[in-house]
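Here's an informal walk through one structure, from its nonpolar interior to its charged pairs. Have the model open as you read.

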Amino acid sequence: QACGDPKAKPSYLVDKNLESAVKFIVRKFPAVETRNNNQQLAQLQKEKSEILKNLALYYFTFVDVMEFKDHVCELLNTIDACQVFFDITVNFDLTKNYLDLVVTYTTLMIILSRIEERKAIIGLYNYAHEMTHGASDREYPRLGQMIVDYENPLKKMMEEFVPHGKSLSDALVSLQMVYPRRNLSADQWRNAQLLSLISAPSTMLNPAQSDTMPCEYLSLDTMEKWIVFGFILCHVALNSDAAALSLWKLALQSSTCLCLFRDEVFHIHKAAEDLFVNIRGYNKRINDIRECKEQALSHAGSMHRERRKFLRSALKELATVLADQPGLLGPKALFVFMALSFARDEIIWLLRHADNIQKKSTDDFIDKHIAELIFYMEELRAHVRKYGPVMQRYYVQYLSGFDAVVRYFCICTGSIDRSTCDLCVSVEDGEVFDFRGMRLDWFRLQAYTSVSKASLGLADHKELGKMMNTIIFHTKMVDSLVEMLVETSDLSIFCFYSRAFEKMFQQCLELPSQSRHSVCFPLLCTHFMSCTHELCPEERHHIGDRSLSLCNMFLDEMAKQARNLITDICTEQCTLSDQLLPKHCAKTISQAVNKKSKKATGKKGEPEREKPGVESMRKNRLLVTNLDKLHTALSELCFSINYVPNLIVWEHTFTPREYLTSHLEIRFTKSIVGMTMYNQATQEIAKPSELLTSVRAYMTVLQSIENYVTIDITRVFNNVLLQQTQHLDSHGEPTITSLYTNWYLETLLRQVSNGHIAYFPAMKAFVNLPTENELTFNAEEYSDISEMRSLSELLGPYGMKFLSESLMWHISSQVAELKKLVVENMEVLTQMRTSFDKPDHMAALFKKLTSVDSVLKRMTIIGVILSFRSLAQEALRDVLSCHIPFLVSSVEDFKDHIPRETDMKVAMNVYELSSAAGLPCEIDPALVVALSSQKSENISPEEEYKIACLLMVFVAVSLPTLASNVMSQYSPAIEGHCNNIHCLAKAINQIAAALFTIHKGSIEDRLKEFLALASSSLLKIGQETDKMTTRNRESVYLLLDMIVQESPFLTMDLLESCFPYVLLRNAYHAVYKQSISANA
């Protein structure tokens, strides 16, 4: 077969340099002429050694065929000389093997004649041999002649089989008791209640018996090959024997083609007609062939379709009864193997004919329910494998009792020893039974007693033959169950019909009612290795790889289909969950309010909006929603995925459920990220609360999958959701953590910096400010308590830690810029640090400062970021307190009881633990880590410390400039300023704590110094008379109170010593009064 494959054929057959030589050899074949054609054979002379080496395997394969032919001819002559008696119902093994030999010989010679390159290969090898050794190969003359003689193999063999006609026709005619009984219509099977265990309950426990036990499960396909090829070879019997003609016609009406080998087919009617047309007096036979062809084309397809339909229901009933009562496998074993054989015949017939359709209408050759039939076959095979010991026990007792004659036969022939013949041995004792010797002896005895001059003629003692055939079946039930399954139900032929196999699988998945049977396709891949042979080991890898790739593809497609159904269900459930979101109840509330006030609402005739839950109200049970269909389809497919825990194909173990698990993980990951609806161009993103609702709906559906398939869905959740708490998932794709972190930093907080959004402490949220260019999103809807809690639920502690680290990176970049500004003004700031009690000198020095506004703006940005982080941490603490209250309370207790004398490294470790749990800390560990990484190599630690101190001085002396800003007005309603300067309190405290922890300075002392400088600078503006400079003086005074309130290191007593409380009280009074008048 490799010669017919362009990719696998020997390279010499397609080599351009050897093309003329090959044509010459084929033209002269089988003659050998090397002397007068030097020019054409010159290239051959160069490559002769390589040709000898590479074509030897092909050449000697042809030699093996010739030797096989010689042995067959010799054996057939011996059989004729002995006048052997053949009857399939009596000497079954002898007759079956004789007919198999004839058919094997015939098919081999037909396949040989189909190899187009046979002359080229044999000729090339021989010419190379002649050039190397000076003479042709010794087998070449006979081999060449055989190739020429068998150009038309059947015509040649018809001549060969003239002397063998009687033996062959006798063997074939004995099928008249078997073949017509097997080749019945579905209606006849149905009327006979074939294969039914429950049709006659009273006989359910009776053993299924027959005089022709091995014939009952004999393949119909095999019998048709015997009849068609047999009567072509001994065609004379068709004219003289009515029984032969009847068998021949019945076979021709059943099929249009037969299997030669794997996917090689033989078109019966055309070949038979071409052979008979040249024989005188065969017009009647030719008419018979044409009539049978018409019959086969018009009726065979529908007849086989009806048979498959019957077998589906019959095998389903049989499998169901045996699953409930496996003990019936003992007495009804014959039914099981008959059912398997019948079904296998119909499946192979469909496969062969669908690939070789000879009529326009193809409906009869497309069976969308074929998977169901294969599935029930697999179910029966599974019962036999699972309950093999039950069958063994039954037939061991049978052989030791009813079939006791077997003991005498065994001991007389010496086929097995006496100890094994003691059949009372229990199956549970682990005794290994082996009756192969006995079966071989019975085969020998058939041969001895079937020759013409035998002292005991089996032809005269047919009852003995029938009884022994029955006993042989019983022995097979004890020691050859696996071989019996291969004999009756092997479907490895699908390996060679890959396209049809894949098409059947796709049709099965497309039909929801059939998808539950789709597991039969990967199960069929376990059959493939049974079509390999020890004489051809090189194809084991090729067939093994094909079985693995197909099994992998089938399981992958099944998992994908299930995943798609689950995704559709999730989408529906997310839509239903979305209807319950608070935003959708506004219209309902509005209608209710208007109804009370009797206001007209909307246009007349406007349809009333459906309330959530109406989809669950059914008027009748016949109403089927899309969700119902999806659940039905999913349950059917999941049955298939859950059918077997694992299956072994060519020593590889496949676990169908793992395919589903991996696909669910991938899809869940993509869905979570997809549901964020992040648009980089417009910077739009889903609200965390809405995403959380959708994710929970998705998880609820996924949890329900455990009702269908035995998979650990918690593992899926852990794998996916934990990956979503990282910056990138395992595939390197962005996660919801990275998307939300980028959005909050680049969109929300950037707009805060631009003055479009303000942080409202009273609402604990960021709120849009009225501006000319309206923002595309409402900041409050993304930053209020419920949204931040939802964000914490989604991102978890790991994700929130990543968010914090990203925020701190932005702060550290702002601090780096602030340090540069400090360095620019270092000399002035150093003087101001020691001159805070000299107002005039301070005023002169202040005028020398540069970038004052930049310092305040950058500190405000830091304060905004820290305020946002505070919201996130508080939300994380609330979420963790619900999930792990005992653990959070332990961490809180641990943090609150750190002794003051504790080493700072140990304290920072505790703070880091506390911060991860969302607890506020005196010193922010994340900020300390971020600022620590900024240390410059060119600057000494002392210089760094000085810069940190001067930064606090710079901020303190710059505060009065805020009073001149129109946006610095304090609003009691929001408990802050619209330009976010109230966030300076948090920035000053956190930055001071972090910087002086890094530089090992006293945080308390530095903050006292800051308070002294800030209070003296602010007191100075109290004496100013310029209204523009002092327009929001009181609002700025309040900053001092906020700084002290925010700080764990400063006290009100300390503030009182620097800044009179009466000023603060008056400031509060003034801003509240100003607020009331503004509102009025």
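## Inside the cores

Let's start with Phe494. Leaving aside residues up to four places away in sequence, Phe494 touches Ile347, Leu351, Ile374, Phe501, Met504, Leu524 and Phe528. Keep in mind that this is a predicted model.

Phe494 belongs to the largest nonpolar core, which has 253 residues. Within that core, the residues that touch the most other members are Leu315, Phe337, Phe494, Phe668, Leu748, Leu749 and Phe766. Apart from it there's another core, this one of 91 residues, with Leu18, Val102, Ala171 and Cys292 among them.

## A hairpin with a core residue

Phe766 from that list also turns up in a strand pairing: its bridge partner is Tyr759, and Phe766 sits in E6. The two strands involved are E5 (residues 757–760) and E6 (residues 765–768), and they pair in the antiparallel sense over four bridges.

What lies between the strands of this hairpin? There are four residues between E5 and E6. If you're checking backbone angles, look at Lys764, which takes a positive phi near 50° in this hairpin.

## His129 in helix H5

Next, go to helix H5 (residues 118–133), where you'll find His129. Is His129 buried or exposed? Its relative accessibility is 14%, so it counts as buried, the cut-off being under 20%.

His129 has a polar partner too: a polar atom of its side chain lies 2.9 Å from the backbone oxygen of Ala135. Ala135 is also one of the residues His129 touches once those up to four places away in sequence are set aside, and the others are Leu52, Gly134, Ser136 and Asp137.

## Salt bridges across the chain

Side chains of opposite charge can pair when their charged atoms come close. How many salt bridges does a search of the whole structure find? The count is 52. One of them joins Glu151 and Arg118, with the closest N and O atoms 3.1 Å apart. This pair links distant parts of the chain: Arg118 is in helix H5, while Glu151 is in the loop between helix H6 (140–149) and helix H7 (153–160), 33 residues apart. Glu151 is partly exposed, at a relative accessible area of 38%, whereas Arg118 counts as buried at 7% relative accessibility.

Arg181 and Glu216 make another salt bridge through their side chains, at 2.7 Å from N to O. Here too the pair links distant parts of the chain, with Arg181 in helix H9 (residues 179–182) and Glu216 in helix H11 (residues 213–216), 35 residues apart. Arg181 is partly exposed, with a relative accessible area of 38%, and Glu216 counts as buried at 11% relative accessibility.

## A buried pair and a network

Now look at Arg182, which forms a salt bridge with Asp345, the closest N and O atoms being 3.0 Å apart. Why does this pair tie together parts that are 163 residues apart in sequence? Because Asp345 lies in helix H17 (residues 333–354) and Arg182 in helix H9. Asp345 counts as buried, at 5% relative accessibility, and Arg182 is buried as well, with a relative accessible area of 6%.

Finally, some of the charged residues go beyond simple pairs: Lys69, Asp70, Arg138, Glu139 and Arg142 are linked in a network of salt bridges.

Methods: Residues numbered from 1 in each chain as written. Predicted model: local features only at pLDDT ≥ 70, side-chain atom pairs only at ≥ 80, totals over all residues. Heavy atoms only, no water. Pairing = 2+ DSSP bridges. Core = buried A, V, L, I, M, F, W, Y, C linked by side-chain atoms within 4.5 Å. Buried < 20%, exposed > 50% of the residue type's maximum accessible area, 1.4 Å probe, protein only. Contact = heavy atoms within 4.5 Å. Polar contact = N/O pair within 3.5 Å; in protein donor to acceptor, adjacent residues only side chain to side chain. Salt bridge = Lys/Arg side-chain N within 4 Å of Asp/Glu carboxyl O.
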